[in-house]
Amino acid sequence: MSNAAATIADTVTDAQAEKLMAAARGRGPRAAAAKSKANTPAPAARVRRFDEGRPVVQITIEAAARLAPPAEKVARMVAYFNLNDPDAPSIREATEAAIVAASRELEPVLNERALAIHLQRVVGSFVGSAVSTAQFYDTKAAEARNLSSAIANEHRDEDRMGVDGGENDAARARAFAAQLGVQAFALLVAAEGAVSAYAQITGEEWKPFARSVTPQRSVARRAAAEELSCFDRD
């Protein structure tokens, strides 16, 4: 051993030597901390459901009428945003006539029950489309109102003119909401025609299909319930 090595060896205490040996073998405090961190399971990622946070709207003609804009507002949207004016009576009558005509062609092949089930699904698709579009319109109309509020606020950029001199975000949001409003109104009118056709053909009022599900308890759960009944107070 050289003199320099001997000097270093003399200055290293027994405790320091043990730490150096433990670190070399991967048993030191730092190695233990790293190993503990590596073995710690990562937090499970939160799975977001597709429909989480979204209000549940029942598929009914009343729900579509509640969310879609009325005829008076649609007329203002058409005038202000230069949109095509939907011919409500024609849409309603054409939809009703088409469903009635198709049903007349199907009557020789389908019995009364089968035809009613078919019409239930057809009308349900019309009403479902009207509800979905009206709900989308309601959401975008709220966003347009939020973007267009407090125009005098200098810290907001949504209502400032675009860099190319075109529309700003608030103006685009209002135009898009207006387009959706006209579409929601037109689909609502078509759904009303479909519902009218259903009543004309079947003689009954259309109602959304509701599956009746009776939960069945397992044998173990029924047995547990019977055993727990022994402890009920009389």
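Select G203 first: this residue follows α8, and its phi is positive, near 75°. The model you have open is predicted.

**Along α8**

Now select residues 169-202, which form helix α8. Go to its start. A side-chain oxygen of N168 reaches to within 3.2 Å of the backbone nitrogen of A170 there. Next, check the length. α8 has 34 residues, so at 1.5 Å a residue it should span 50 Å. The end C-alpha atoms of α8 are 49 Å apart, which agrees.

**Add α7**

Keep α8 on screen and select residues 112-148, helix α7. The axes of α7 and α8 are 7 Å apart, and the packing angle is about 160°. Angles over 145 degrees count as roughly antiparallel, so α7 is roughly antiparallel to α8. The crossing of α7 with α8 is left-handed. Color the contact between α7 and α8 by residue class: 27 residues are nonpolar, seven are polar and three are charged.

Move to the N-terminal end of α7. N111 caps this end. Pick a side-chain oxygen of N111 and the backbone nitrogen of R113: they lie 3.2 Å apart. Then repeat the length check. With 37 residues at 1.5 Å each, α7 should span 54 Å. Its end C-alpha atoms are 53 Å apart, so the α7 span agrees as well.

**Swap in α6**

Hide α7 and select residues 88-106, helix α6. α6 packs on α8 at an angle of about 40°, with the two axes 8 Å apart. This crossing of α6 and α8 is right-handed. Show side chains on the α6 face: A88, I91, R92, T95, E96, I99, V100, S103 and R104. Their partners in α8 include F185, V189, E192, S196, Q200 and I201. Sorted by class, the α6 contact with α8 holds eleven nonpolar, five polar and four charged residues.

**Finish at α5**

Last, select residues 71-81, helix α5. The axes of α5 and α8 come within 10 Å and cross at roughly 135°. That makes α5 and α8 oblique, because the angle falls outside the parallel, antiparallel and perpendicular ranges. The crossing of α5 and α8 is left-handed.

Which α5 residues meet α8? Select A71, V74, M77, V78 and F81. On the α8 side, add R174, A175, A178, G181, V182 and F185. Nine residues of this α5 contact with α8 are nonpolar, one is polar and one is charged.

Stay on F185 in α8. It is among the residues that meet α5, and it is also among those that meet α6.

How values were computed. Residues numbered from 1 in each chain as written. Predicted model: local features only at pLDDT ≥ 70, side-chain atom pairs only at ≥ 80, totals over all residues. Heavy atoms only, no water. Axes fitted to C-alpha atoms, helices over the stretch in contact; angles between N-to-C directions. Helix = DSSP H or I, 4+ residues; strand = E, 2+ residues; numbered from the N terminus. Parallel < 35°, antiparallel > 145°, perpendicular 65-115°, else oblique. Left-handed = near helix turned anticlockwise from the far one by under 90°. Contact = heavy atoms within 4.5 Å. Nonpolar A, V, L, I, M, F, W, Y, C, P; charged D, E, K, R; others polar. Expected span 1.5 Å × (residues − 1). Polar contact = N/O pair within 3.5 Å; in protein donor to acceptor, adjacent residues only side chain to side chain.
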